Each structure stands twice: as structure tokens, then as C-alpha cells.
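The exercises below are to be worked with the sequence and the model side by side. Each sets a task and then solves it step by step.

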Amino acid sequence: PPGFVESSCHSRIFWMKLNKLLLQGKFFQLEINDPYAGPILLDEKLASRCGYILSEDVWGNPVFRASVLGCHVANEADELFSLIVNIKVSSFSSMRAAVTYTYPMYCSYSSWASREIVCEENYMEVSVKTDVPAVSNDYTVAWMSALPETQNVAYQLWQLMFVSPSGRKTITVSDAAKLGYSFNNTLSRVYLRAPYHSNESDVSMVSGVNMNMVTSTSMYRQRWLLLLIDTTVSCPVDGISFTDTTLTWTVPSVIPTLVVQESTFLSKTILMGVDGRVIVNPEEKNYLLEHNHTHIGVTIPIGGEGGKLKSSISGGVYGVIYSIDLFLEHTWTDADWQTTKYTVIKSITTPFMPQVPTVINNTLPEERLFNVAFGHFLPDVSLVAITIGNVPFTLREAQHHRFKIYETPFSNRTKGFILEVSFDDPYVLKEYVNRNETKYTLLINYTISVGPEMTLYYHSAEVECVIADIELPEAVGSCDEENLYLAIPTFGLHQYWNLYLGNKLLNRHVAVTNGYLPATNSTHLILQIPLFAVGVTYEEVSFQKIKARFDVTLRKVRTMETLQMFSVSCSFNSSAFIICHPDGTIMVSAQMKTVPAIDMSKTKLRDRSCKPREYNEGHAFFKFHVTTCGTSVKFEGDHIIYENEISYEKETLPGQSIATITRDPDYRLTVLCYYRAKETLVLGAFASNPSTSPPFGSGTMVPRSNIAVYRRIRQALNVVSRVSKDESFVEFYEPNMAILKRPMEPVFLEVELKDKSPHAELYLENCWVTGSPDFNSTPRWNITVDG
């Protein structure tokens, strides 16, 4: 078929290349057409003995090379050469029903050097003009040592004598053929072809390069003629070195076994070639050809023109391999051989070079779009599947899901794969971070197919983007005559953040329990907080006026970090109220509801010395502590109840008999404050930590008539605290006495509950020292905290 076969002739070598695209899915064989014996199937043993090689170039195309001195080559006067090759192609491995293409090749070569050496990949070949004197001087010890052997040279029969470390061996040409050698003569030349690493060969190092050498003499005797021809051949077997970016091939300039009189050596030309073609100006292709008196070096950049990079997987790691087919042709002269043409053909492949793929984050935050590039890959790599999060997608499924995937070219003839995913895709992980930012995370696992073997390779990546796309809510507060209101946007509530009342999560149950009325609409949560509900802070309380504030905090769901404080503060005009502070202070605005009116300035608490702080015709304002003014205490369930009574003492008028006349009505008002037993402290010597902001106590005012009603009244608990002079607790300081202590010096404090009731227990939670009797005075020095 057209384009199936490409052939050429270079430096006495037949070159033939088959197009692999026309052989896909098929099997092929080569046959050498012998003019006398017919077609002969080419195999490895025949190839190395007869001067043939079948391999592949770096692109995978089958390549056949043959020496013009090959076994079945037709030779016309050592100038015109022809070889007929049969190419058999079949769809079956058994080669049945094969189609045979006969392809003749021709080569014209007349510029023979006195000695020509070819170092092929599978054989070494030396050919010598027979008119060159065999022994011309006394320099060659091998010739002299060979002379005694000439007595045994057969008549009119070529024989070969090999000299190796194991000794000399003289054999006939037919016996040499059995050992893999090929010897013959043409009209004007004799040649010897030898396999590498035969029993008769030796390896020696020349200028740092290992050389495989076969030292041989070809002998022929006819009548008075004795012909001894040096057919020694030596070829390099290594000399390859690599860096991360280059490969270097080194060949010795002078090979001692081939140049006896080194002083007469003169290098004439050095040519290099790639893929069978001579490179005239190597530097134009970034090749470096250099030589000195010891070495010839060829340096090729990894990935250089004429070679091929191939993707590969090794140990689960992606990498590349670079291959290139080189040849070197060195022509020199010396006194013994006049001209020698030395040709080395070398196919070089680098070791596996790991190249971890890179993930390039080109994400566009303003478009809320992940844009991720994955590369760099050679053209023999394809993307076959992708996993987002833990969900696998084929490329078709990914496109259907509206992921955008496409190839993009990179530099150095590489390519990459672009993936675009929206921030809002359900498979993108979203996390609320900082105050108003969201961290979007895209977890990717790529599945790529590598090389013609389609080996699967997996690579995972994680791409993050943090953008400020969350607006913190702003609350709006308002008040009416009896309530405070707080309207808070519901966006993000319970998803990003929660509301807290102090350190307690403000959910619907807590709201209802505390007497709040929560309501929601499409955008906001509205909290209605009665003026005297739990959690209201009273910033200022005076006669007939209350300044109240209600606070809630906005905290992150996961970290509990406080983000905002929402407050609503209003002033209220209230004619009657009771406020129970957490430190035990009670403030009462009592309203006159008697007919006729009484003088509110004469109202008192149980302790008659406790009079109103402010008053007018209709109201009296009292402020006292639960430990004063005759306040009693009792326990009900988990509450402590403090009770006092506001009363009016009637005026009596003297009469003329025992009876008295009164002109004032009876006025009694019972004041009750309820505290949770575990959250409220009993006496002024114990106070809560202000930073914890416990709920206020709840209070009620109960008007009482002058009718005697049975009441269970309990006096305030009798608690005594003293400071001991030492740890023995025997001697104590006097009350109200100044005590001086150095820093870090211990204080021995004794607190005693003198109440004999079995239902009373003493817990010392928080105790501190201040400079005045006021509980809230500062500075303060803690003695015990949280018990």
C-alpha cells in the first residue's frame, strides 16, 4: 500500500521502515529472499550472523537494517547491492491467510575504505581490502606469534584464528559459522561478522568506555601464497550517561586494538546522525558533537528533536522515558591501514524519569468558579474519569453534571486538562470560617490513561478558595410600654451561627421557659422580651423609671466564637415593680392602692428602720439587700425565696375610753424574690462572678389585708465568717479589724452555718475581698472561685 514502506541506503547499510499505522491490529513477518534457496524466515539467530536487525524506531515503527555484505545480498563488483525482502501481513498470530508484499532494495556503494567496521546493535562487522599487505612490519606481536600456526593452514581453505584470554583457537569457516560467526570474501574484500559477547571475545576499557573485542586473523594458503589478514573488530558496549536534562554518548577517539601505531593516527571526519540521517549542523538542533584526542561525545537534550518522549508508570508514579536512534561515523588514517571508516549505530533510551504532575489553581473567586489545570502530560496521555468528593464520574457524566472539562496545550509540546466547577455545586465542600468568609474546597481524583498500554494512573488534588461572601446579620431593637423587641435575620441561623443568652443556647425551649415570645417571618426572628423577664439587665433603676437592656450574643456554631452582640435598651415608666438582682439587692416601687390615701413616706419594711428612699403621694421606692431589713428566706423545690413586707403603721388617736379611733386603712404588701438555688448566692458575703451574668431573680408583690393569715416565716440564715491568725483556727482577728497580708501569704478563712435545720447546707462558691462593703466595688481579690 502507498506509504507502507520507506527505504534508504546510508553508509553501506540498507534501511527499511514500515508504517505502524498500516499494521495496527495485524501481525507481520519478514522473509529474506535467497536467490538460490528461496525465502528464509528472519529470526534473531539468523539476523546477528547474517548482518540483519529487526527493531522499532522511537515512534514504534518496525525498522529493518541490513549490511550490504549480508548473507543473501546480491553483490555486483562490490559496488551495486540488492536485497529482496518479503513482508507477510496477517490478521492471525499463526500467520494464516497472510498477504505477502515483495520489496526489493538497492544500494550503490563504491567509496570503500581500506578497512570498514560497523558496530550494529546485535553484531560487529569488519571488512578489509585483500590487496592490503597483511604483515607490513614488526609491530604486531599477534602476527609474529601467528607465524608458527601457518604450517597448519589448510590448502585453499580459509581458516580463522582467534586470540582470547583463554588462548588461541584456529577453526574453519564452517565451524565458525556454527559459533555464530560469518566469514566470506568478495571480489576485493574479506569480512568477518561476530556476535557480541562470544566465547572468543574479550571486554576491555578504553578511555572509560567498555569495548567488546574479537581479536582474529583470517588465513588462506594457495601454492606459494600465504595470506594473513587482520580481522580484529572492537565495538563500544556502554558509554551512555544521563542528567536530568541531557543524555551523552561517548565513544573513544583512538582504539588501541584497531590502531597499532598511535603516533600515526589522524582523525579525518566525524559525522553524527539521527534515525539514519546525517545531521550536517548539529548545533541547529541543540545537539552537541565534540571530540578531543581521547573521546568523541554526542550530547542530546532530553526531548530533543529526532527522539521521542514516552509516558510511563513505574511503581504507581508517573514519568517519562526518552528514546533516540543515533549513529556515529568516524574516519581516520594511520600507517597500517591507510583509511578506516568506523560506524556505530546506537539506540538510546533514558531510565524512567519521574515527573509528578502539577495542579495549577487558576480559580476565579469573583466568578465563584474553580478553574484547575492538571499537567504537564505528553500526547500519549488521556483523561478517562474524574472523582469529585467521593463521587466518580466518567467524562460524559461529568459533562452532563455541568462540570466543564477540556484539554489545553502547554509549552514543550505537552498538554493539560482544565476542570471548571462552580462554588455552588453540591459536591463542593463548604465551611464557614473567620467572621464573614466561606472556605470552598474541591476534592479531585484524576484517572488518566498512559501510553499505548493504557495503564491507569491516579492523582488526587485538593483546591481551596476562601472568599468573604457571608454578611453578618444586624439586629433591630424596639420597645413598647411593657416589652423589649429584638428582630434578627434568620439567614445563616443554626447553619453558621447560634444565639446565646449568656452561656446558654437560646433555642425555642429556653425562650418559652424564660417568658419570651419568639416569632418568625420569611426573613427575621422576632423576640418579644417582657420587661421583667429573666435575662433583662437593669442599667438604671429609680423612682418610677427603669432603664432596661437585653443582650444576646451571636456565636459560631462549631467554635463558639463570639461574632456579634445584639442589644436593645429602653427606658420604661413603671408605677409598680420589683427587681431582684443577682447580688441579692431588691428594688421595689410600691403603689398606693388604698382608699383613703395613706402617707407613703411612712411605709416601712419588717425592719422598721428600713424606710423608702424615694416617695410621692402614690408611690414609695425601696432598695435593700436580702440579708437586711428583716428579710426571711425559705426553700421550695430548687428555688430560694426571699420574703419581706411593706406595711403602713396606723396612727392612733387617744379617746376618752379604752377604744382608739383610726383614720387610715390597712396597707400590707408582701415582696417575694425567687432565685434558683444553684445559681444564686444566699448572703452578701457570697456573690456571683459578674462575667457569668446569671439570670436575675424573679419577684412578686402580694398585697396583704389586715386579716390575720397563717404564714410560715423563716428568719435569714445565720452565717458567720471569721479570719484565723494561723492554720490552727484557735485565735481569730476581731471583726472590722484591718488585716495586713503580704502577696502570696495565705489567708485562713472560716465560714460557719449556725442554722440547726437539717434541710440547710452551706456551699462556699465565690469569695473575695474588696475595699468596701459594696459587693460590686473594685478592685477585688479572689479567695475562692467556683467552690
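**Exercise 1.** Which residues of strand β48 (residues 577-580) lie on one side and which on the other, and are they buried or exposed?

*Solution.* Before starting, note that this is a predicted model, in which local features need pLDDT of at least 70 and side-chain atom pairs count only at pLDDT 80 or more, while totals for chains, interfaces and linings use all residues. Residues are numbered from 1 along each chain as its sequence is written, and side-chain values use heavy atoms, with hydrogens and water left out.

Step 1. Strands are DSSP runs (E, at least two residues), as helices are (H or I, at least four), and both are numbered from the N terminus. In a regular strand the side chains alternate between the two faces of the sheet.

Step 2. In β48, F577 and I579 are on one side and I578 and C580 on the other. All four are buried, and both faces of the strand are thus covered; buried means under 20% relative accessible area, exposed over 50%, and partly exposed in between, with a 1.4 Å probe and protein chains only.

Step 3. Four bridges pair β48 in the antiparallel sense with strand β49 (residues 585-591), where two strands count as paired if DSSP finds at least two bridges between them. F577 has S589 of β49 opposite to it. The hairpin has four residues between the strands, and G584 takes a positive phi near 95 degrees there.

**Exercise 2.** Describe the sheet that contains β31 and β35, and then follow F377 from its strand to its ring partners.

*Solution.* Step 1. The sheet is open, and its four strands come in the order β30-β31-β35-β34 with antiparallel pairing. At its edges are β30 (358-361) and β34 (404-409), each of which pairs on one side only. On average, neighbouring strands of this sheet are turned by 25 degrees against each other, direction ignored; the axes are lines fitted to C-alpha atoms, for helices over the stretch in contact, and angles run from 0 to 180 degrees between N-to-C directions.

Step 2. Strand β31 (residues 369-377) and strand β35 (residues 415-422) run antiparallel and are joined by seven bridges. F377 stands opposite K415 in β35.

Step 3. The rings of F377 and F417 have centres 5.8 Å apart and planes at 40 degrees, so the pair is tilted. Rings of Phe, Tyr and Trp (its six-membered ring) pair if their centres lie within 6.5 Å, and planes under 30 degrees apart count as stacked, over 60 as edge-to-face and the rest as tilted. F377 in strand β31 and F417 in strand β35 are 40 residues apart, and their pair links distant parts of the chain. Both F377 and F417 are buried, and ring pairs link them into a cluster with Y318, F374, Y446 and Y457.

**Exercise 3.** How many aromatic pairs does a search of the whole structure find, and what does the pair of F265 and W332 tie together?

*Solution.* Step 1. The search finds 28 aromatic pairs. F265 and W332 form a tilted one, with 5.8 Å centre to centre and 50 degrees between the planes.

Step 2. F265 lies in the loop between β21 (246-252) and β22 (266-274) and W332 in strand β27 (residues 317-334), so the pair ties together parts that are 67 residues apart in sequence. F265 and W332 are both buried.

**Exercise 4.** Compile the surroundings of two polar residues, S218 and N498.

*Solution.* Step 1. S218 belongs to strand β17 (residues 209-222), and its relative accessibility of 0% means that S218 counts as buried. The side chains of S218 and T231 are joined by a polar contact of 3.1 Å, that is, a pair of N or O atoms within 3.5 Å, of which, within protein, one must be able to donate a hydrogen and the other to accept it, residues adjacent in sequence counting only if both atoms are side-chain atoms. Neighbours within four places in sequence aside, the contacts of S218 (heavy atoms within 4.5 Å) include W158, F183, L228 and T231.

Step 2. N498 is placed in strand β41 (residues 497-501) and counts as buried at 10% relative accessibility. Its side chain makes a polar contact of 2.8 Å with that of H494. Not counting residues up to four places away in sequence, N498 touches residues including L493, T553 and R555.
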